[in-house]
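Please examine the sequence and the structure shown below. The paragraphs that follow lead from one element to its surroundings, and then to the chain as a whole.

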Amino acid sequence: MTETLNQQAMAILQKNDRGGFTIPTARLYPFQWNWDSAFIALGIATYDRERAWQELEMLTDAQADDGMIPHIIFRKDDADYFPGPSIWQTEAAGIPASGISQPPVLASIVRHLVETAPASELARAGSLFESTLRWQRWYFHYRRPEGCPAICTVHPWETGRDNCPDWDIGMRAMAVDPDLPSYKRKDIEHADPSQRPSHEEYDKYITMVKFGRDHNWDQSVIVNNGPFLMADPGLHFIWLRACRDLREIAVWLGKDDVLPEIDSWIEAGIAGAEYFWNDAIQAYCVRDVRSGTFSDGFSNASALCFYADVGSQAQRDHTLEHIRRIAKQTKFGQPSWDPEAARFESQRYWCGPLWCQMNYMISKGLAEQGIPDLAEKMRLDLRHVIELSGFYECFDPISGAGCIGQDFSWTAALWLAWAGYDAPAIQAA
Ligand code: GLC
């Protein structure tokens, strides 16, 4: 079975190849997505290293002057998708793109490629290093507003966890722009609407995009005066982990001059993690920056503290208790939202389903922090759910049913790089 699934996974990645970069899945997501491409490179690297580097290079081709790497790189329009380039009305390095970013996993993926690279590939890592450094710096300067020690976002789409109930506080506090032009959603033509975000949520997402566009994508204005500003442990932990991985790459490449700057980010990232600690539920939670209000649910982002290597022993113990409690209620891995929290829905996108890339990072963190049993359970859970349902975008964590997009690139990639292995692919550090 593994052999067949390996073949299927490679076929999906080849089918979704658009000439040097890979789309997440046809029709629903017909462009290059930022963190998707990073995970996709991990999978491609198992059979074609040249193509894996190229995936990342095409991502960094669209790096904006200020260092941001956008969440979607459009290259050319596609009538199947909304909101496309005519709605965002911006570009990065001359390429039509969205005006927000996505979780910065790139440095961590580059580290993985470098660790397994023959010496001849180090030069490629060198040029990606510069782009990655600039992007990490962008997060530090443009997504940590005055007075907030943590990484924030101006749009749920930037976090990659689009309609997670974590965003409800910020979404409720904002109004839909009364001048929002009417629009037609395409996502619900390609996927079951009951598994997608609601219309009310979409109006607010598009209001946020309109605000950015109306302000020429001036990131300072968007952060300071925009409709939405929430701090996200997901972005924060992934960024902090990426800083640690970037530091390793810098050492290998002999770039000692940048170490003090990276060290200052790591120090700030560790201290900033405290901002997310919610005593009420004893976990790292999203926070609305303007009101200081905490989200009240344990999400799969809360579980990334191990991956970032932060927290006191007590904070780690509490987090572990949540992970183990939730694992008893699901059959397959960590869901995107606590099954005991309000608004859990096992098949609605980020309100419950299991997402492979989040489980990969959580598991990696657990393995590194000496919790190998749970780490391996998460890997095998993903393996079993793929064996049961195929390469879906995400999965019902209780029944194992595949949800939303089919023939999904990051699921295929993480099968090849992680879940499909016969022996644990990740060992404790
Ligand atoms: C959805 C997901 C996001 C992902 C994108 C493409 O918007 O929420 O995380 O990057 O699809 O797969």
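Helix H2, which spans residues 34–44, is mostly covered in this predicted model: 11 of its 11 residues are buried. The buried residues of H2 include Trp 35, Phe 39, Ile 40, Leu 42 and Ile 44. Polar and charged names appear in the list as well, among them Asn 34, Asp 36 and Ser 37. Ala 38, Ala 41 and Gly 43 are likewise buried.

Just before this helix in the sequence lies Trp 33, which belongs to strand S1 (residues 32–33). Is Trp 33 buried or exposed? Its relative accessible area is 6%, and Trp 33 is therefore buried, since the limit for that class is under 20%. Which residues does Trp 33 touch, if those up to four places away in sequence are not counted? They are Pro 24, His 71, Ile 72, Tyr 81 and Gln 102. A separate comparison relates Trp 33 to Gly 352: the two are 319 residues apart in sequence, and their C-alpha atoms are 22 Å apart in space.

Gly 43 of helix H2 leads to another part of the chain, for it is among the contacts of Leu 416. Leu 416 is placed in helix H18, residues 409–419, and counts as buried at 8% relative accessibility. Leaving aside neighbours within four places in sequence, Leu 416 is also in contact with Thr 46, Tyr 47 and Tyr 421. Its further contacts are Asn 6, Ala 9, Met 10 and Leu 13. From Leu 416 to Glu 189 the C-alpha distance is 30 Å, with their positions 227 residues apart in sequence.

Asn 6 allows the contact with Leu 416 to be viewed from its other end. Asn 6 is found in helix H1, which covers residues 2–15, and it is buried, with a relative accessible area of 18%. With neighbours within four places in sequence set aside, Asn 6 is in contact with Trp 415 and Leu 416.

The cysteines may be considered next. How many disulfides does the structure hold? It holds zero. A disulfide is a covalent bond between the sulfur atoms of two cysteines, and the limit used here is a pair of sulfur atoms within 2.5 Å. For Cys 148, the closest cysteine sulfur is that of Cys 152, at 3.6 Å, which is too far for a bond. For Cys 394, the closest is that of Cys 403, and the distance of 4.9 Å is again too far for a bond. Cys 148 is buried at 6% relative accessibility, and Cys 394 is buried at 0%.

Finally, the protein chain can be taken as a whole. Its secondary structure comes to 18 helices and 11 strands. For 429 residues, a compact globule would have a radius of gyration near 22 Å, and the 20 Å of the protein chain agrees with this. Along the principal axes, the C-alpha atoms fill a box of roughly 55 × 45 × 45 Å. Of the 429 residues, 63% count as buried. Among contacts with a separation of 6 or more, 70% come from residues 24 or more positions apart. The chain exposes about 15,300 Å², of which carbon and sulfur atoms supply 49%. There are 39 positive and 59 negative charges, and the mean positions of the two groups are 2 Å apart.

Definitions and conventions:
Residues numbered from 1 in each chain as written. Predicted model: local features only at pLDDT ≥ 70, side-chain atom pairs only at ≥ 80, totals over all residues. Heavy atoms only, no water. Buried < 20%, exposed > 50% of the residue type's maximum accessible area, 1.4 Å probe, protein only. Helix = DSSP H or I, 4+ residues; strand = E, 2+ residues; numbered from the N terminus. Rg over C-alpha atoms; globule rule 2.2 N^0.38 Å. Contact = heavy atoms within 4.5 Å. Areas by Shrake-Rupley, 256 points an atom, 1.4 Å probe, with all protein chains shown as cover. Lys, Arg positive; Asp, Glu negative; His and termini not counted. Charge placed at Lys NZ, Arg CZ, Asp CG, Glu CD.
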